[in-house]
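User: I am in my first year and would like to understand how the words used for a protein model are justified. Could we go through some of them together, with the reasoning spelled out?

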Amino acid sequence: MAKKSKVVKELKRQELAAKYADKRAELKEKGDYAALQKLPRDSSPARQKNRCAVTGRPRGYLSKFKVSRIIFRELALKGQIPGVTKSSW
């Protein structure tokens, strides 16, 4: 499990990016990069890191399922992810 502070910080970044999305697009369209730099640093979507929805793990993230590889394997073996089965040949 990731530190709670890291997960909370990432949620804050997502909220800020959503809040300033329209303003960022407007300033980029105008080409006003000086005003863009005055926006909060964490409002940039480039600063967001994908994290597992269950554990908060930043590495081994599967974007289609929004979980890490470890949790994906556990859920798939339990049959909790529809359409996913363990392969065998």
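Analyst: Let us begin with K66, which sits in the loop between β1 and β2 (67–68). Please keep in mind throughout that this is a predicted model.

User: What makes the phi of K66 worth a remark?

Analyst: Most residues other than glycine have a negative phi. K66 is not a glycine, and yet its phi is positive, at about 60 degrees.

User: Which residue touches K66 and V67, leaving aside residues up to four places away in sequence?

Analyst: That residue is A53, which has contacts with both K66 and V67. A53 is placed in the loop between α2 (33–38) and β1 (61–62), and its C-alpha atom lies 8.1 Å from that of S68, although 15 residues separate A53 and S68 in sequence.

User: Why is A53 called exposed?

Analyst: The word exposed is used for a relative accessible area over 50%. A53 has a relative accessibility of 65%, and therefore A53 counts as exposed.

User: Is R13 buried or exposed, and how do you know?

Analyst: A residue is called buried when its relative accessible area is under 20%. The value for R13 is 15%, so R13 is buried. R13 belongs to helix α1, and, when residues up to four places away in sequence are not counted, R13 touches D42, R47 and Q48.

User: Why does I81 receive the word buried?

Analyst: The same cut-off of under 20% applies, and because I81 has a relative accessible area of 11%, I81 is buried. I81 is located in the segment after α3 (69–78), where its contacts, not counting residues up to four places away in sequence, are F65, F72, L75 and A76. The C-alpha atom of I81 is separated by 29 Å from that of A18, and these two residues are 63 apart along the chain.

User: What share of the residues in the protein is buried?

Analyst: Buried residues account for 25% of the 89 residues in the protein. About 7,300 Å² of the protein is exposed, and carbon and sulfur atoms supply 51% of that area.

User: How many helices and strands are there, and in what pattern do they follow one another?

Analyst: The protein has three helices and two strands, and reading along the sequence gives the pattern α-α-β-β-α.

User: How do you know that the protein is more spread out than a compact globule?

Analyst: For 89 residues the globule rule gives 12 Å, whereas the radius of gyration of the protein is 18 Å, which is well over that value, so the protein is more spread out than a compact globule. The C-alpha trace spans about 55 × 30 × 15 Å along its principal axes. Among contacts between residues at least 6 apart in sequence, 28% join residues at least 24 apart.

User: What lines the largest pocket, and which residues lie nearest its centre?

Analyst: The lining of the largest pocket consists of 18 residues, and L11, Q14, R51, C52 and A53 are those nearest its centre. Helix α1 (residues 4–30) gives the most to this lining, with six residues. The space in the largest pocket is about 300 Å³.

User: How do the lining residues of the largest pocket divide into nonpolar, polar and charged?

Analyst: Eight residues of the lining are nonpolar, five are polar and five are charged.

Note on methods: Residues numbered from 1 in each chain as written. Predicted model: local features only at pLDDT ≥ 70, side-chain atom pairs only at ≥ 80, totals over all residues. Heavy atoms only, no water. 1 Å grid on protein atoms, 1.4 Å probe; cavity = no way out; pocket = protein on both sides within 12 Å on 5 of 7 lines; lining within 4 Å. Points joined across faces, edges and corners; volume = space filled by probe spheres on them. Helix = DSSP H or I, 4+ residues; strand = E, 2+ residues; numbered from the N terminus. Nonpolar A, V, L, I, M, F, W, Y, C, P; charged D, E, K, R; others polar. Buried < 20%, exposed > 50% of the residue type's maximum accessible area, 1.4 Å probe, protein only. Contact = heavy atoms within 4.5 Å. Rg over C-alpha atoms; globule rule 2.2 N^0.38 Å. Areas by Shrake-Rupley, 256 points an atom, 1.4 Å probe, with all protein chains shown as cover.
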